[in-house]
Protein chains: 2
Amino acid sequence: MGLNPHFKADLRQAWDIEGLQLGIEAGDRLQLARGITLVESQLADDRPLALDLLSRLCPKDTSRRIAVTGNPGSGKSTLIESMGQYWVDRGKSVAVLAIDPSSNVTGGSILGDKTRMEQLAHHPKAFIRPSASGGLLGGVARRSRECIALCEAAGYDIILIETVGVGQNETAVEHFVDCFLMVALPAAGDELQGIKRGIMEKADLIVVNKADGNLKKAAKQSQLQIKNALHMMQNTAAWQPVALTCSALQGEGIDALMEELAACLDLRMEPSNMTSRRLAQTLEAFESAWKQLWLQRATSHPLWAESLATCKEALMQGEWSLDQALARLRQVK
Amino acid sequence: MGLNPHFKADLRQAWDIEGLQLGIEAGDRLQLARGITLVESQLADDRPLALDLLSRLCPKDTSRRIAVTGNPGSGKSTLIESMGQYWVDRGKSVAVLAIDPSSNVTGGSILGDKTRMEQLAHHPKAFIRPSASGGLLGGVARRSRECIALCEAAGYDIILIETVGVGQNETAVEHFVDCFLMVALPAAGDELQGIKRGIMEKADLIVVNKADGNLKKAAKQSQLQIKNALHMMQNTAAWQPVALTCSALQGEGIDALMEELAACLDLRMEPSNMTSRRLAQTLEAFESAWKQLWLQRATSHPLWAESLATCKEALMQGEWSLDQALARLRQVK
């Protein structure tokens, strides 16, 4: 990590929690950035300070939270820049957070390429935060929730959460967003779309980006295919997923996308829907989180962990049937 | 349950395990049926006898196991009858098992309607077993595995497992079949296909049934839509899922379906593929089963169970955030 432990105390003393709180509540972007650094900190001593900050901030459920997912190369960042520009032009404030556990590996981050979101990054109503938590799995959901809470306390109207379409993140993200936008690419003929399993079923909107130049026709074809695929899924919800095309680069189709997105958000933000949905999301997230916590205990339970290893070995060797292995586990006290 | 406990001892004495074993190994359908009754028995005293029987039978990995799933009304039974007839006409023996936890509720069973599979049911090379385990959740996977083991010991070439497309069963079934066939219905225009989430991604073959009369055109359209949807899913496996149409009632398209099915099975039954796939399936099934077992312990852990309830209540009341609830759980010793 290259961190010098001797600097820890100094760093800690640098945190002025009340100052952070007041700054964030006043919408100070520098303080917001520092607050996010605090909640993302891996230093154990920082955690109580982060929790202190979070407990001081008043939760506001007024922000619209949108997840934007798509494979690398789908033009997510350019599209997010267009979307952000659309909102700031209409007086809305926008925060962009990125969840990308691979960003440390690839060396990429949403600000790594200086041309990405450059315009939006300089707008006073926008806040863009690349992921500082790259490479760290497991805590993605918690850190994202906390970052969202900070952005909400800072009063942002829209919070965009960019993910790279890794399964774990989508599962985490679906528990705390109001709307799920997927960015796809034009795929002509026999080319595979490469849409990851399960993601299409979570998307509220799927937009085929790069619908310009000689990809325009392929984009329309992909849109039709996606429409048909969406049509085939069982969906009895009030919102029926839509498929669109756009060119973030040329600014085409953005207005139509934003109108559909607004319609979806309007439905989701109706007070009756929102309270019950966010509660249901929290309970689902809790359900999956406590199971994770409990399963972790299995590995520290000496008898259980040992029996697990014995069972797996016997299964691999073909010595036990599945039911014999499970019978063995049931005997563990 | 209407069972008279005084009859229990008599019922038990009726089990002649060695006789069952020899009968099943000789391919005696009556003994096979009795063996299945034993492994499906809910009487605690029968379990050791069932395990004794299973341990006596030699596992043979020569049967081809095929799951057939589809919504009620998709004509699964008629199709299975056609498929069974196709195989018995070619000298293969076929066992049909049904997993339908709802059958006790709806009163249906695959033999409930006397016209269903009537021809196949009377063929000497066929064995048809309606689910006697209706309404009992949780043990579906184990009982199905055991019934398959009995049918394999009885020497059946083909084992068809019919399910009604309830999520839990598909998850159970995918761990012990070689091939997954989905039966869909023609859906014209704006009609929803009603394909359940996740199932399309598991299917090796999807056949649009009832492609006859004035549904023929709609069936072709559905086939095309399904082809496109399959195309969109990420799939790097050796077998690329196929979409077909057929009319089980008129016997059209059955030969083409059976040829595709045979091609899929041939690939799956190659010795190198089969051993590694079945081992991988067993390990996956073990992974999900031990987690189930371990999670059950959470509810019997007094402190954990109490904390879980406290957390859920506090979340529902909006008193705690998700992270506060999880922090509480982490403290449970």
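This briefing introduces the structure by topic, beginning with chain A as a whole and ending with chain B. The model is a predicted one. Chain A holds 14 helices and seven strands, and buried residues account for 51% of its 333 residues. Over all chains, the count of aromatic pairs comes to seven, and two of the pairs described below cross between chain A and chain B.

**Chain A as a whole**

- When contacts in chain A between residues at least 6 apart in sequence are considered, 75% of them join residues that are at least 24 apart.
- Chain A has an accessible surface of about 15400 Å², and carbon and sulfur atoms contribute 54% of that area.

**A single residue in chain A: A:Asp52**

- A:Asp52 is found in helix 4 of chain A, the helix that covers residues 46-56.
- With a relative accessibility of 29%, A:Asp52 counts as partly exposed, because that class lies between the 20% limit for buried and the 50% limit for exposed residues.
- A:Asp52 and A:Gln21 are 31 residues apart along the chain, and their C-alpha atoms are separated by 9.7 Å.

**Tryptophans between the chains**

- Among the seven aromatic pairs counted over all chains, one is formed by A:Trp294 and B:Trp304, whose ring centres are 4.8 Å apart and whose planes stand at 50 degrees, so this pair is classed as tilted.
- This pair crosses between chains, since A:Trp294 belongs to helix 12 (residues 271-300) of chain A, while B:Trp304 belongs to helix 14 (residues 302-316) of chain B.
- Both of these residues, A:Trp294 and B:Trp304, are buried.
- A:Trp304 and B:Trp294 form another tilted aromatic pair, with 4.8 Å from centre to centre and 50 degrees between the planes.
- A:Trp304 lies in helix 13 (residues 302-316) of chain A and B:Trp294 lies in helix 13 (residues 271-300) of chain B, so this pair too joins two chains.
- A:Trp304 and B:Trp294 are both buried.
- One aromatic cluster takes in these four residues together with A:Trp290 and B:Trp290.

**Charges over rings**

- In chain A, the ring of A:Tyr86 has the charged end of A:Arg90 sitting over it, at 3.6 Å from the ring centre.
- In chain B, the charged end of B:Arg90 sits over the ring of B:Tyr86, and here the distance to the ring centre is 3.6 Å.

**Strands 5, 6 and 7 of chain B**

- Strand 6 of chain B covers residues 205-208, with B:Leu205 and B:Val207 pointing one way and B:Ile206 and B:Val208 the other way, and all of them are buried.
- This fits a general pattern, in which the side chains of a regular strand alternate between the two faces of the sheet.
- Strand 6 of chain B pairs in the parallel sense with strand 5 (residues 179-184) of chain B over four bridges, and B:Val208 in strand 6 is the bridge partner of B:Ala184.
- Strand 6 of chain B also pairs in the parallel sense with strand 7 (residues 242-245) of chain B, again over four bridges, and B:Leu244 in strand 7 is the bridge partner of B:Val207.

**Helix 15 of chain B**

- In helix 15 (residues 322-330) of chain B, the buried residues are B:Leu322, B:Asp323, B:Ala325, B:Leu326 and B:Leu329.
- Around the axis these residues cover an arc of only 155 degrees, which puts them on the same side of helix 15 of chain B.
- In general, an α-helix has 3.6 residues a turn, so residues three or four places apart point the same way.

Definitions and conventions: Residues numbered from 1 in each chain as written. Chains lettered and ligands numbered in written order. Predicted model: local features only at pLDDT ≥ 70, side-chain atom pairs only at ≥ 80, totals over all residues. Heavy atoms only, no water. Phe/Tyr/Trp six-rings, centres within 6.5 Å; stacked < 30°, edge-to-face > 60°. Buried < 20%, exposed > 50% of the residue type's maximum accessible area, 1.4 Å probe, protein only. Lys NZ or Arg CZ within 6 Å of the ring centre and 35° of its normal. Arc of directions from axis to C-beta. Pairing = 2+ DSSP bridges. Contact = heavy atoms within 4.5 Å. Areas by Shrake-Rupley, 256 points an atom, 1.4 Å probe, with all protein chains shown as cover.
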